[in-house]
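Work through the exercises below with the sequence and the structure at hand, and try each task before reading its solution.

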Amino acid sequence: MSAKPIRLKIEPLDGSFGAQVTGIDLAHARQKAEMVAALEAAFLEHHVVAIRGQELEVDDVVAVSRCFGPLEPHVLDRFHHPDTPLVLVLSNRVDANGRAMGLKDAGSFWHSDVSFKKCPARATLLYALEVPDEGGDTLFCDMMAAYDALPEKLKHALDNAIAVHDYANRDRVAHRTGTKPRLDSENLRSVPPVRHPVVRRHPVTGRKALYVNPTYTVCVQGMEASQSESLLGEIFDHCLKGQFQMRYRWRPKDVVIWDNAAVMHAATTQNLEPSKYRTLWRTIIVGEPTY
Ligand code: SIN
């Protein structure tokens, strides 16, 4: 007899997408196939899923993340968790010698995780160990709704377009805001530029989404630089309209998992006051090539 499908209690987050799931203990639920299937369904439908009040150790975070697919270490190895390179520590704390205890700002720019690789991240999971009472929110942008709302003529023009994504562009963007480059030349060589469709079909649902972002996307292939820049500018202005955005306000012990084929996101940690501590663990769930 096949297992009865589970229905989770799901409530919308503020905005037109994203959901909060309650009544689930992830440390145990991850062992139950029907729970994992229900979470996966929520993830596909809502793009961003928050599960509050979770008591997790680092092994649990890895195991829960693995329910969504294989994991990979982040290209930036300096802030891997001491017990596993599969967990990146995001933190603005420093130790007694003044050394950073984690990556202070994982990306206060709009991006889709790991779009600089041929196999970008399917999903990202964050677990909040400590968060300030105010600040350090994460912003999300619904790239499926943004695609749906494009004028038909532009949709048609973009449908077969290819864009180039390059990690090196992140450091250029960061440099403009006064942040130091994150990767040394050896790290950079391991992430050469890659190509992805501008309009990407979701690998599971088949729904179309815009798959370009201001951090890693450098140009549209086959276009003059100025033409490509103006097209990307037009797309980003469109996506970043308030109607496609959602702000997630963290609480300690929150787990948030998001679908990088459906949303882009931006941290706001660049503006966090140094006296307000924020420490999260992050995993990256590997996706498939986009074409
Ligand atoms: C990220 O960009 O992956 C992290 C987001 C955050 O720290 O809010």
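**Exercise 1. Find what share of the residues is buried, and judge the overall dimensions of the protein.**

Solution. In this predicted model, buried residues make up 56% of the 291 residues in the protein. The next step is to compare the radius of gyration with a rule: a compact globule of 291 residues would have a value near 19 Å, and because the protein has 19 Å, the two agree. Taken along the principal axes, the box filled by the C-alpha atoms is roughly 55 × 55 × 35 Å. The secondary structure consists of eight helices and 17 strands, and among contacts between residues at least 6 apart in sequence, 81% join residues at least 24 apart.

**Exercise 2. Decide whether Ser91 is buried or exposed, and describe its surroundings.**

Solution. Begin by placing the residue, which lies in strand 6, spanning residues 84-91. Its relative accessibility is 4%, and because buried means under 20%, Ser91 counts as buried. Then look for its partners: leaving aside neighbours within four places in sequence, Ser91 is in contact with Met101, Gly102, Leu103, Lys104, Arg278 and Thr279. With Thr279 there is also a polar contact of 2.8 Å, which joins the side chains of the two residues.

**Exercise 3. Locate the largest cavity and say which strand gives the most to its lining.**

Solution. A search of the whole structure finds five cavities of 30 Å³ or more, and about 150 Å³ of space lies in the largest cavity. Of the 20 residues that line the largest cavity, the closest to its centre are Leu90, Ala106, Leu126, Ala267 and Arg278. Strand 6 and strand 16 (263-267) each supply at least two residues of this lining, and strand 16 gives the most, with three residues. Sorted by character, the lining of the largest cavity holds eight nonpolar, seven polar and five charged residues.

**Exercise 4. Describe the second largest pocket and its lining.**

Solution. The space in the second largest pocket comes to about 200 Å³. Its lining is formed by Asn213, Pro214, Thr217, Val218, Cys219, Ala225, Ser228, Glu229, Leu232, Gly233 and Phe236. Assigning these residues to elements, one finds that strand 13 (217-220) and helix 8 (225-239) are the ones that give two or more residues, and that helix 8 provides the largest share, six residues. A last step sorts the lining of the second largest pocket by character, which yields six nonpolar, four polar and one charged residue.

Key. Residues are numbered from 1 along each chain as its sequence is written. This is a predicted model: local features need pLDDT of at least 70, side-chain atom pairs count only at pLDDT 80 or more; totals for chains, interfaces and linings use all residues. Side-chain values use heavy atoms; hydrogens and water are left out. Helices (H or I, at least four residues) and strands (E, at least two) are DSSP runs, numbered from the N terminus. Buried means under 20% relative accessible area, exposed over 50%, partly exposed in between (1.4 Å probe, protein chains only). A polar contact is a pair of N or O atoms within 3.5 Å; within protein, one must be able to donate a hydrogen and the other to accept it, and residues adjacent in sequence count only if both atoms are side-chain atoms. Contact means heavy atoms within 4.5 Å. On a 1 Å grid over the protein atoms alone, a cavity is a set of points where a 1.4 Å probe fits but cannot get out, and a pocket is an open set with protein on both sides within 12 Å along at least five of seven lines; lining residues have an atom within 4 Å of a point. Grid points are joined across faces, edges and corners, and a volume is the space filled by probe spheres set on the points. Ala, Val, Leu, Ile, Met, Phe, Trp, Tyr, Cys and Pro count as nonpolar, Asp, Glu, Lys and Arg as charged, and the others, Gly among them, as polar. The radius of gyration is taken over C-alpha atoms; the globule rule is 2.2 Å times the number of residues to the power 0.38.
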